[in-house]
Amino acid sequence: ASLVKALLVNGATPLGPRGPGAALPDDRPDGASGFGRVDVAAVVDAAATCVSCELFERALQDVGEELEILATRLDPTVHPTTRLKVTLAWTDAPGEALQSDLDLIVIADGQERHGNLGASPYFDRANTIEQVDWEAPPPGDLRILVRAHRLACDALDGTIPAQPFHVVVRME
């Protein structure tokens with residue numbers, strides 16, 4: 001389920017700028033339009049729309065654990081990246097609130113963005129999908145990190161099972 005969510009959200013097309021007085025900047029999802037319109041063609045034929053598209057499947061085992069899933073160099077002479085979309089998705093355990101909470105952190109040439117919150121110093125604590133949609137990221141080193149802020153415990157024995165997740169990276 002998290003793979004399908006990550007692919008569909010990463011390929012979504014924004015619905016356009018928000019109206020005057022909007023509470024959130026244009027690059028963040030909201031309750032009315034979410035991440036935008038599903039664009040199946042962009043998901044199925046990613047090679048036609050991407051300079052580079054990658055899919056990662058990993059798991060975190062411990063609270064505080066951090067995985068660097070991609071480290072590369074954005075070189076405008078090789079890959080003229082005008083947009084970077086990184087989408088993290090995971091399937092959560094049942095409960096009244098978020099049971100496992102993962103953080104998406106994207107760092108490009110020293111500038112940091114957090115999933116669903118852009119350049120904010122805070123992290124999303126409510127959703128199982130996080131995305132960084134970065135128009136014209138700076139050239140230089142690119143790092144994509146996923147960190148376990150909180151992981152669900154097994155109700156029977158109190159152990160923490162591994163939390164699998166998927167990340168889709170699209171450079172256009």
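Two strands are taken to pair if DSSP finds at least two bridges between them. On this criterion, strand β3 (residues 83-89) of the predicted model pairs with strand β6 (residues 129-135) over seven bridges, in the antiparallel sense. Within this pairing, K85 has D133 of β6 as its bridge partner. Strand β3 is also joined to strand β8 (residues 163-171), in this case by six bridges, and β3 and β8 again run antiparallel. The bridge partner of T87 in β8 is V168.

Burial was examined along β3. Seven of the seven residues of the strand are buried, so β3 is largely enclosed by the rest of the structure. In a regular strand, side chains alternate between the two faces of the sheet. For β3, one side carries R83, K85, T87 and A89, and the other carries L84, V86 and L88; these residues are all buried, and both faces of the strand are thus covered. The residues K85 and T87, named above for their bridges to D133 and V168, both lie on the side that also holds R83 and A89.

An open sheet of four strands was also identified, with the order β2-β7-β4-β5 and antiparallel pairing. Its edges are formed by β2 (66-74) and β5 (111-114); each has a single partner strand, so one side of each is left without a neighbour in the sheet. On average, neighbouring strands of this sheet are turned by 20° against each other, direction ignored. The edge strand β2 pairs with strand β7 (residues 140-150) in the antiparallel sense, over eight bridges. In this pairing, T72 is matched with L142 of β7 as its bridge partner.

On the surface, a nonpolar patch is formed by V4, L8, V38, V40 and V44, which together have about 440 Å² of accessible area. Helices α1 (2-10) and α2 (40-44) are the elements that give two or more residues to the patch. V38 is found in the loop between α1 and α2. The relative accessible area of V38 is 46%; because the partly exposed class lies between the buried limit of 20% and the exposed limit of 50%, V38 is partly exposed.

Confidence varies along the protein chain. The average pLDDT is 85, and 85% of the residues score at least 70. The lowest confidence is found in helix α3 (residues 46-49), with a mean of 57, and the highest in strand β4 (residues 101-108), at 97. Strand β4 belongs to the open four-stranded sheet, where the order places β4 between β7 and β5.

Definitions and conventions
Residues numbered from 1 in each chain as written. Predicted model: local features only at pLDDT ≥ 70, side-chain atom pairs only at ≥ 80, totals over all residues. Heavy atoms only, no water. pLDDT = per-residue confidence, 0-100. Patch = residues over 30% accessible without salt bridge, like charges linked within 9 Å, V, L, I, M, F, W, Y side chains within 5 Å. Areas by Shrake-Rupley, 256 points an atom, 1.4 Å probe, with all protein chains shown as cover. Salt bridge = Lys/Arg side-chain N within 4 Å of Asp/Glu carboxyl O. Buried < 20%, exposed > 50% of the residue type's maximum accessible area, 1.4 Å probe, protein only. Axes fitted to C-alpha atoms, helices over the stretch in contact; angles between N-to-C directions.
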